[in-house]
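Reader: I'm new to reading protein models, and I'd love a close look at just one part of this one. Could you walk me through it slowly?

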Amino acid sequence: RDQASRLGVPVGVLSAKVFARSVQQVCVEPSHPVLLSPEQSKKLSSLLMIARHLLAQNMFSRLTFCQELWKAQNSLLLEAMWRLHTHSVVSLQELLQSHPDSEAMAMWLFRNLRSLCEQIGASCPSPDTTEAMLSGLVQLLISRGFQGSSDPRRLVEPERLPQVATDVLQRMLAFSLDTLEADPQTTLDCQAVSGWIPIYSGHTCCGVVTENSLKSFFSHTLTQILTHKPVLKVSDAIQMQKEWSFAKTHHLLTDLHCRVLATLGPEESVGRLQEVLEMQEVNWQHVLSCVSTLVVCFPEAQQLVKGWVASLMARAFESYHLDSMVTAFLIVRQATLEGPYVFPSYADWFKESFGSSHGYHSCSKKTLVFLFKFLSDLVPWEAPRYMQVHIFHPPLVPSKYHSLLTDYISLAKTRLADLKVSLENVGLYEDLSSPGDIAERESQAVQDVKKAIMVFEQTGKIPMPVLEASIFRRPYYVSHFLPTLLAPRVLPEVPDPRVALIETLKRADKIPSSIYDAYRKACASAEKQQPENATSAQRTEADCAKEPLGLLTAALEELRALMTDPTQYSVISAQVAVVSEKLNAVLGHRNDGGSLQRAKIQLSVLPSTLQKQDQAVVDLLLTAFCQNLMAASSFVPPERQSPWAVLFVRTLCGHVLLPAVLTRLRQLLRHQGQSLSTSHVLGLAALAVHLGECRSMLPEVDPDVLAPSAGSLCVPDFLNSLLTCRTRDSLLFCMNFCTAAVSYCLCKFSALRNCLSPGLIKKVRVSHSSF
């Protein structure tokens, strides 16, 4: 007081200036960009005690202190500012509002936030302090930057802090997006991005920031992501979008998408996507990778995306709006990249949209011209897959306008010829929507033969694609398919499915006599000249089969490791995509993504035991599912787990693998139930629930030998038919299995109550009362 009196200044002003200089001295020569050293922390704690005493005596000017402190902002440490806030000396809001230069303050805060996030991403020694600092700063920035419009009756100059807060949040997001686009694996900035992205969570600001502010912030964030540096043209997107699938997108970007979309919700997210695409220039990579995240991580969004595409197509053909057409095609192609259990294949969608007299194009000649002009304009940038879809599944066109179709087909065939891609390269069972490379004809023929034999095993009939190829694709059928099917070998004593298919084709006159006779002679010759090293050759073949199986095993083990961190939804989803890819490699054929409207599965024509390779794969997958369930449930209950189980079962239900899965389940539940461990019973019960969830996408099952008079059954009813209560042991197993299934179903989601067969639920009551 005496010194203040001599200088003629208020005591509060003088104490504030002295205290500011003391804080500056503590921050001099920092050992860390944002954090205090132990020695600095100790000194600051003493100063904070003095400051609080001065405040209690009304001898401290906060405004003066803030103004003095900013004079040496380049030497200030963020943790010192945070400690001033947490010890109620001066709040962060007061500190930021008092800065004389908004631009300089925004840059200072941006640099410090970046350094702070880098420490979090690098697992710094004091994570609690850094995370509390980041959370507190983010809460302040969101609450002030997105607090809503001010009262229009106020005529005073608007505060600068909301503008600064918005600017800093935008800078941090832009920095993160730029880093992820610049190969972040080789930059230190990746640590900062991995530390920043977790703030995009509703939990970060729960109870502190109002719901309206939070929604406004996440809506603004999604808009910024979608419109960040819109340098790519539509033609670029058409050529590059296959690289933007969920599995190929950087996991930090999918994590960012997932967090923002989860907070907004699928319906609001799709609405925001629509609004942004209609009103602004967009970054197509971010838009399409966001669509992939939506359909993969949010199953309820799939129907919303389908409705959005339908509205875009309707608008395009009603008003000949080219932008709507372009957007619809890009979104559909992006969604189909994620597989048929996420979205119908491109071939299915194209046939449904244009393959009938009710298609979008069927209104008039003008709509036909609009469609074919659009498809023709796409040709220079199209992937061969899509042109092949258009050729093999052309739009339905009235005969008087057939020239429009033939002109487009000629153009597409010319482009395919320029790309050295033959239409004959398309396999009989190949998913034309697949973004992968075109297979060689010989390699594709091997896959076609394997698939044809498997379908023949299921149905006992010549597969329809084979019959069609024998008529409409005669060159491929005779030059590639038949030579592969009729490869000379030592014929087995008991005819196998390959022999049965060949003989059926011969009886149907689908194999020319000369070719068939040459095949029989070659087989007879092979039997006489069977090499001594046949066993060695078989061993080599088995060793080759083990390699992809080992990769699948490793992928499944990595997925199980992720079960211990249920918050990493995007990482788990991406790993399931890896599992799916390795599964295709093991099976040696492509999944049939061509159509979900499949024929019935006739288990009665399948062999009583699975082929050794298929049984090994199915057992590996079923075991992995059970182990994953136990691993995930050891950390959180089913209702709080990530959607790994849904994604896993959708992969398990591939068209080629599903009959083998059901055959194996029949063996396990009907004949080996009493010997299964508790973990296997729980796992298979949960699997039954998720198979029921997929019932609308799965074909019906014809068990025949199990229930000759019952006809076809949906998958849940088929599983129910496997549970019998004939003996005490079977009754006990039935009770345990049914109880586990119903309990899991009710625990997981109340909406899944319809996933179980009513008979299965009834058996719970019957089993309990009988037992």
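Reader: Let's take helix 14: how many residues does helix 14 have, and how far does helix 14 reach from its first C-alpha to its last?

Author: Happy to! Keep in mind that this is a predicted model. Helix 14 runs over residues 266–279, which makes 14 residues. From its first C-alpha to its last it reaches 20 Å, close to the 20 Å expected at 1.5 Å a residue.

Now look at which residues of helix 14 are hidden. Pro266, Ser269, Val270, Arg272, Leu273, Val276 and Leu277 are the buried ones. Around the axis they cover an arc of only 160°, so they sit on the same side of helix 14. Turned away from that buried side is a face carrying the exposed residues Glu267, Glu278 and Met279.

What lies over the buried side? The cover for the buried residues of helix 14 includes helix 11 (211–227), helix 13 (251–264), helix 15 (284–297), helix 16 (299–319) and helix 17 (322–336).

Helix 16 is a good place to step outward. Phenylalanine 317 lies in helix 16 and forms a pair with phenylalanine 370 of helix 19 (residues 365–378), linking parts of the chain 53 residues apart. Their ring centres are 5.4 Å from each other and their planes stand at 90°, an edge-to-face arrangement. Both phenylalanine 317 and phenylalanine 370 are buried.

That pair has company. Ring pairs join Phe317 and Phe370 into a cluster with other rings, including Phe329, Tyr346, Trp349, Phe350, Phe354 and Phe374. Phenylalanine 329 touches Met313, Tyr346, Trp349, Phe350, Phe354, Phe374 and Leu375, leaving aside residues up to four places away in sequence.

Phe329 also takes us to the wider picture. The largest nonpolar core has 143 residues, and Phe65, Trp196 and Phe329 are those with the most contacts inside it. Helix 9 (residues 161–181) gives the most to this core, with ten residues. Because domain 1 (1–148 + 160–211) and domain 2 (224–419) both contribute residues, this core lies between them. Another core, of 65 residues, lies apart from it, with Cys653, Val681, Leu698 and Cys738 among its members.

To finish, meet Phe65 again. The count of aromatic pairs comes to 27. In one of them, the rings of phenylalanine 19 and phenylalanine 65 have centres 5.1 Å apart and planes at 40°, so the pair is tilted. Phenylalanine 19 belongs to helix 2 (residues 11–27) and phenylalanine 65 to helix 4 (residues 62–69), so this pair ties together parts 46 residues apart in sequence. Phenylalanine 19 counts as buried at 4% relative accessibility, and phenylalanine 65 is buried with a relative accessible area of 0%.

Definitions and conventions
Residues are numbered from 1 along each chain as its sequence is written. This is a predicted model: local features need pLDDT of at least 70, side-chain atom pairs count only at pLDDT 80 or more; totals for chains, interfaces and linings use all residues. Side-chain values use heavy atoms; hydrogens and water are left out. A nonpolar core is a set of buried Ala, Val, Leu, Ile, Met, Phe, Trp, Tyr and Cys residues joined through side-chain atoms within 4.5 Å. Buried means under 20% relative accessible area, exposed over 50%, partly exposed in between (1.4 Å probe, protein chains only). Helices (H or I, at least four residues) and strands (E, at least two) are DSSP runs, numbered from the N terminus. Domain bounds come from an automatic or database domain assignment. Contact means heavy atoms within 4.5 Å. The expected span of a helix is 1.5 Å times one less than its number of residues. The arc is that of the directions from the helix axis to the C-beta atoms. Rings of Phe, Tyr and Trp (its six-membered ring) pair if their centres lie within 6.5 Å; planes under 30 degrees apart count as stacked, over 60 as edge-to-face and the rest as tilted.
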